[in-house]
Amino acid sequence: FRFEGAATMNPATMNLGNAEMQIFATMHFKELLRKFVENNQRPDGRQLNQIRPVSIIPNPLAAPAGSVIVSMGSTRLLAACKVEPAVLDTSAPTEGRLQITCTLGARAVDALEAKKARERQQSIAAFITKILLSTKVLDLTELVMPEANCCLQLSVDIGCMSDDGNVLDAALTATLAALRAATFHTYMTDESGKVVPRTDQPKTRLTLRHYPFSLSFGLFDNAILHDCTHKEEQQLTGCLSMVYNNEGQLCGIYKPGGQAMPKEAMK
């Protein structure tokens with residue numbers, strides 16, 4: 001298939017709803033993207049540095065302590081936070097525990113080999129865990145329950161319902177939102193020595209000391225694209241994510257691979 005006139009396409013006059021143009025966009029997306037980028041535009045109508053709308057639906061699930069659905073454009077994630085008592089770790093007896101898992105569903109990884117999908121899931125979960133602990137978003141010492149001789153384990157499970165790019169940014173947002181939404185009872189030991197929730201007291205919430213957010217962008221030709229869609233990600237020669245918090249502090253940098261980013265992209 002050859003779309004006649006591709007070299008002289010004008011993004012301003014393109015009709016992406018046209019059937020012939022949809023075929024071209026599917027088969028020759030890189031050429032289409034290049035034409036748009038040359039005019040400081042993108043096929044979905046955004047500017048090069050424009051991110052997609054973000055929405056958060058709190059507590060769609062009743063069972064976990066806290067849950068959210070985060071949408072970033074067509075990328076949708078469900079994050080659920082469980083809070084459970086756990087035995088104190090002898091190597092860190094003054095701290096609670098945090099565990100984050102990320103799962104890309106079958107719809108999200110159709111274009112990826114199984115091994116790459118597992119590595120991507122593990123990498124995203126490990127990076128988010130590192131951000132939360134290294135920048136002390138959570139103080140794990142507050143998760144120790146002296147009255148029950150135990151600690152609390154926070155388990156955040158992130159599930160990708162639809163992957164249209166930039167899963168990392170959405171996953172970090174979903175993790176923080178799920179932690180913020182979580183409510184739970186503290187624990188004590190009853191007369192028989194069993195660890196039980198203190199239902200005589202109101203539920204409590206976690207203390208989040210600050211709120212990191214991630215901004216991911218990629219290099220296409222000589223242009224920097226923010227918040228890339230899945231199709232755009234396939235054409236990038238390099239990508240980078242920078243995490244700042246609500247106080248303007250740099251919390252971390254994530255670079256999964258590819259070409260080195262130019263200095264102007266780091267500014």
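Two strands count as paired here when DSSP finds at least two bridges between them. That rule sits behind the sheet views below, where Ser241 is found opposite Tyr254 of β14. One thing to keep in mind throughout: this is a predicted model.

**View 1. The four-stranded sheet, β12-β11-β13-β14.**
This close-up takes in an open sheet whose four strands pair in the antiparallel sense. At the edges sit β12 (223-226) and β14, each with a pairing partner on one side only. Going from one strand to the next, the twist averages 25°. As a reminder, strands of a sheet pair through backbone hydrogen bonds, either parallel or antiparallel.

**View 2. β13 and its two neighbours.**
How many bridges hold β11 and β13 together? Eight: strand β11 (residues 212-220) and strand β13 (residues 238-245) run antiparallel along that stretch. Two of the residue pairs are easy to pick out: Leu215 has Met242 as its bridge partner in β13, and Ser216 has Ser241. Ser241 also stands opposite Tyr254 in β14, so that residue ties View 2 to both neighbouring strands. Between β13 and β14, again antiparallel, there are four bridges. Because six of its eight residues are buried, β13 is largely enclosed by the rest of the structure.

**View 3. The hairpin of β13 and β14.**
Four residues lie between the two strands of this hairpin. Look for Gly248 here, which takes a positive phi near 80°. Beyond the turn comes β14 (250-254), an edge strand of the sheet. Cys251 is buried, at a relative accessible area of 14%. Elsewhere in the chain Cys81 is buried too, with a relative accessible area of 0%, yet the structure holds zero disulfides.

**View 4. Two helices against the sheet.**
Helix α2 (residues 29-38) packs on the sheet by touching β11 and β12, and its direction makes about 105° with that of β11. Which residues of α2 are buried? They are Phe29, Leu32, Leu33, Lys35, Phe36 and Val37, so a lysine joins the nonpolar side chains under the 20% cut-off for burial. Just past the end of α2, Asn40 has a positive phi of about 55°. The other helix in this view, α3, lies across β11, β13 and β14, and runs at about 165° to β14.

**View 5. The largest nonpolar core, centred on its best-connected members.**
This core has 48 residues, and the ones touching the most other members are Ile100, Ile124, Ile128, Leu132, Leu154, Ile158 and Leu179. At least two core residues each come from β2 (66-72), β3 (75-86), β4 (97-104), α3 (114-134), β6 (150-162), α4 (167-181) and β14 (250-254). The biggest share comes from α4, with 10 residues. Zoom in on Ile128: setting aside neighbours within four places in sequence, Ile128 is in contact with Ile100, Ile158, Leu168, Ala171, Leu172 and Thr175. Apart from this core lies another, of 11 residues, including Leu33, Phe220, Leu225 and Leu236.

**View 6. Leu208, a loop residue tucked inside.**
Leu208 belongs to the loop between β10 (204-205) and β11. Is Leu208 buried or exposed? Buried, with a relative accessible area of 10%. Once neighbours within four places in sequence are left out, Leu208 is in contact with Val137, Leu138, Leu176, Leu179 and Arg180. Leu176 is 32 residues away along the chain, and the C-alpha atoms of Leu208 and Leu176 are separated by 8.5 Å. Leu179 will look familiar from View 5, where it is among the members of the largest core that touch the most others.

**View 7. Two loop residues with positive phi, Lys136 and Asp227.**
Neither residue is a glycine, but both show positive values: phi is near 60° for Lys136 and near 50° for Asp227. Lys136 lies in the loop between α3 and β5 (144-145), while Asp227 is in the loop between β12 and α5 (230-233). Their surroundings contrast: Lys136 is exposed, with a relative accessible area of 56%, whereas Asp227 counts as buried at 1%.

Notes
Residues are numbered from 1 along each chain as its sequence is written. This is a predicted model: local features need pLDDT of at least 70, side-chain atom pairs count only at pLDDT 80 or more; totals for chains, interfaces and linings use all residues. Side-chain values use heavy atoms; hydrogens and water are left out. A nonpolar core is a set of buried Ala, Val, Leu, Ile, Met, Phe, Trp, Tyr and Cys residues joined through side-chain atoms within 4.5 Å. Buried means under 20% relative accessible area, exposed over 50%, partly exposed in between (1.4 Å probe, protein chains only). Contact means heavy atoms within 4.5 Å. A disulfide is a pair of cysteine sulfur atoms within 2.5 Å. Axes are lines fitted to C-alpha atoms, for helices over the stretch in contact, and angles run from 0 to 180 degrees between N-to-C directions.
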